[in-house]
Amino acid sequence: MRWLHDVGVGLWRLLPGNPIVARVVSAGGRRRRHYWARLTYLVALVVVFIFGGGLLIGGGEQSLADLAKQATQTFMVVSLMQLGLVCFVAPVFCAGAITQEKDANTYHILLTTPLSNAQIVLGSLFSRLAFVGALLLSGLPIFCITMLYGGVTTHEIFESFALAACTAVLTGSIAILISFLRLDTRRTLFAFFIGIAVYLLGVGLVGLSPWGQLPQAPPAVSNLGGLPLRMSWLAPVHPFLALLVVTGQTPAPDLAAVSHFARPVQWLLVYPAYGYLLLSLIASTLMILISLIFVRRGARQGEPTIAAWLQEHLVPRRLRRRRPPRRVWRNPIAWREAMTRGSAGGRSALRLVLNVAGLAAGLALLIAYHSGAFGTDPPAAAATRDWLVPLVWLEWAIALLVATSTAASTLTREKEAQTMELLRVTPLTSRYIIAGMLQGLVRLALPMLAVPTLTVTLFAALDLLRPGTPPVTTPEAVLLLPVQVIAFTALAAMIGLHFSLWSRKTVPAVMISTAVVLGGAGLLTACGAAVRTASPTVLAVLWPFTPVWGLQALLDPHGVAESAALAWGSGGGLSASEVLNFRIARGVFSLVAAAVYLAITYALYNNMVRGFDMTVRRQSA
């Protein structure tokens with residue numbers, strides 16, 4: 001009995017009675033910003049619930065079958081929204097659990113307490129996940145409303161919540177692991193956001209492509225976005241693909257259809273949602289176990305190691321590694337942000353890997369098109385374009401996340417390192433500081449923005465070398481694409497700098513700025529989707545102002561104009577002169593949209609310069 005009592009007390013202190021959990025949950029429940037975060041989360045779900053599936057705004061009398069179909073559609077949209085928010089919110093809170101202690105120089109104090117490694121890791125993880133759990137529970141009544149109209153079952157609702165909860169645990173565990181392995185908050189958030197964005201977007205696009213679909217799965221009852229879909233064989237390892245199975249968009253195959261696979265693979269393909277839950281929990285457990293090893297190892301950084309001792313005593317001084325002198329730009333702040341390790345993305349190996357991967361993907365697509373993997377023209381050009389446009393979207397979205405997260409941590413790192421006062425006593429003015437930071441951030445993102453531009457340039461050059469075949473893209477896209485993406489990325493960096501000035505900590509700054517940028521891009525994308533049935537002239541004027549549809553109109557003007565003319569009801573196809581007029585109008589308004597984005601950036605820059613000194617003084621008071 002004594003042994004059982006000791007085990008029970010140990011398990012109680014490990015998680016339920018963990019001092020870190022008690023402190024964070026009790027203090028966080030009374031913070032006003034947590035109330036606002038929950039309110040914002042619920043408002044976002046309500047807005048998507050009202051406008052996402054058309055359940056509450058459908059006009060006229062509708063049958064019960066139509067209401068059930070709209071309820072199913074609304075449930076799918078709200079579930080995707082909830083899962084996307086969880087993928088964003090959970091790692092932000094969990095990543096700052098340990099890195100904020102390190103940035104505030106209180107991590108060593110935490111290690112001197114009687115808390116064990118398991119208590120520190122589990123307490124840091126589940127104390128932050130408690131906030132995510134509160135968000136999920138607060139949105140449960142919204143999901144239950146869809147059951148009133150039929151088409152949605154309790155089983156589907158709980159499966160969608162289980163997917164969101166396990167995704168939160170998985171992303172939180174990865175963020176905790178990275179925070180123990182790395183040094184500061186900005187690098188943790190940068191590494192995690194880029195990694196999770198590449199995985200979710202890249203694997204998701206592959207899963208929705210014809211190569212990622214499982215032939216043994218039955219076809220979807222209602223095609224998603226007009227595309228014929230089947231369940232992807234990547235659904236057990238991807239939360240959004242598994243959610244499509246739960247919502248009935250891509251039904252899972254029967255056991256007899258996949259009987260030729262091995263037994264574990266059979267179960268994963270027949271029950272992809274349960275497979276994802278199991279695999280995510282196993283991966284989370286492994287992440288937690290690995291984190292236990294690095295709890296106290298990171299605190300010994302700077303101490304002499306065996307390798308350092310051998311280098312000092314065995315390697316001659318003239319052969320030791322020396323850092324060559326580097327040339328600083330005219331604006332040293334811009335040079336530091338773009339070229340040194342002083343920023344979250346400067347001189348990062350992950351950026352190099354992403355650039356190489358983007359170029360490799362573009363070259364692979366170019367070789368596949370040139371070798372005839374997509375068939376013969378003209379269908380080959382259209383099929384290649386269907387891959388080129390999502391590839392450009394993905395590469396631009398990654399660059400946008402890099403610029404936003406790096407900008408949001410630019411000034412907060414000075415505040416957390418207590419070097420803001422040193423920056424203020426230098427002869428540098430606020431205009432010089434902010435201009436240097438903005439210039440450095442844009443130049444930091446330029447190599448990543450050059451990857452899609454180079455990919456489009458290669459396809460445009462190949463089109464010129466093959467004059468008798470239908471072109472994949474247009475020559476003007478080579479010039480207009482960098483103008484559009486640089487203008488919107490500069491605006492995103494300026495938004496990140498703005499919230500970095502107004503926030504005291506890195507985590508809130510990154511979370512708010514990323515939410516604003518993604519929310520603004522999503523709102524513009526929704527507005528562009530709302531006018532898809534307009535005339536080609538209207539699309540040529542409005543779509544360049546939307547980042548996603550503007551890129552599609554830039555890369556595929558003929559397809560966009562033909563679809564708009566068909567939806568507008570103009571009859572047959574467009575003539576060559578009408579397509580040319582669409583391209584000219586689209587090119588002119590692409591430049592106008594870029595000028596508008598740059599004007600907004602300059603206005604935000606002037607406003608930030610005027611309030612820089614007053615804001616810094618108020619925060620340091």
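This is a short walk through one protein chain, covering confidence, salt bridges, a buried threonine, an enclosed helix and a surface patch.

Before anything else, please keep in mind that we are looking at a predicted model. The protein chain averages a pLDDT of 80, and 84% of the residues score at least 70. That confidence is not spread evenly, since the lowest mean, 62, belongs to helix α13, residues 306–314, whereas the highest, 91, belongs to helix α12.

Let me begin with the salt bridges, of which the count comes to three. One of them joins the side chains of D556 and R385, with a nitrogen-to-oxygen distance of 3.5 Å. D556 sits in the loop between α23 (547–555) and α24 (557–568), while R385 belongs to helix α16, residues 379–408, so this pair ties together parts of the chain that are 171 residues apart in sequence. Both partners fall under the 20% cut-off for a buried residue, because D556 has a relative accessible area of 13% and R385 is likewise at 13%.

The other region to look at is built around E476, which is linked with R583 and R586 in a network of salt bridges. The side chain of E476 meets that of R583 at 2.9 Å, N to O. This pair links distant parts of the chain, with E476 in helix α20 (residues 476–502) and R583 in helix α25 (residues 576–620), 107 residues apart. E476 also meets the side chain of R586, here at 2.5 Å, N to O. Since R586 too lies in helix α25, and E476 in helix α20, the pair ties together parts that are 110 residues apart in sequence. How buried or exposed is each member of this network? E476 is partly exposed, at 21% relative accessibility, and R583 is partly exposed as well, at 26%, but R586 is buried, with a relative accessible area of 1%.

Let me turn now to T455, which lies in helix α19, residues 430–465. At 2% relative accessibility, T455 counts as buried, and its side chain reaches the backbone oxygen of V451 at 3.0 Å. If we leave aside the neighbours within four places in sequence, T455 is in contact with G358, G362, L388, L391 and E395.

A helix that is largely enclosed by the rest of the structure is α10, residues 239–246, and we can say so because seven of its eight residues are buried. Those buried residues are P239, L241, A242, L243, L244, V245 and V246. Just after α10, the backbone at G248 takes a positive phi of about 85 degrees.

On the surface, by contrast, there is a nonpolar patch of about 880 Å², made by Y199, V237, W267, Y271, Y274, L278, L279, I282, L286 and L289. Which helix gives the patch its largest share? That is helix α12, residues 272–293, which supplies six residues, and α12 is also where the mean confidence is highest, at 91. One of the residues in the patch, L278, is placed in α12 and is partly exposed, with a relative accessible area of 43%.

I will finish with I145, which is found in helix α7, residues 140–145. I145 counts as partly exposed, at 34% relative accessibility, and its C-alpha atom is separated by 9.7 Å from that of F49, although the two residues are 96 residues apart along the chain.

Conventions
Residues numbered from 1 in each chain as written. Heavy atoms only, no water. Patch = residues over 30% accessible without salt bridge, like charges linked within 9 Å, V, L, I, M, F, W, Y side chains within 5 Å. Areas by Shrake-Rupley, 256 points an atom, 1.4 Å probe, with all protein chains shown as cover. Salt bridge = Lys/Arg side-chain N within 4 Å of Asp/Glu carboxyl O. Helix = DSSP H or I, 4+ residues; strand = E, 2+ residues; numbered from the N terminus. Buried < 20%, exposed > 50% of the residue type's maximum accessible area, 1.4 Å probe, protein only. pLDDT = per-residue confidence, 0-100. Polar contact = N/O pair within 3.5 Å; in protein donor to acceptor, adjacent residues only side chain to side chain. Contact = heavy atoms within 4.5 Å.
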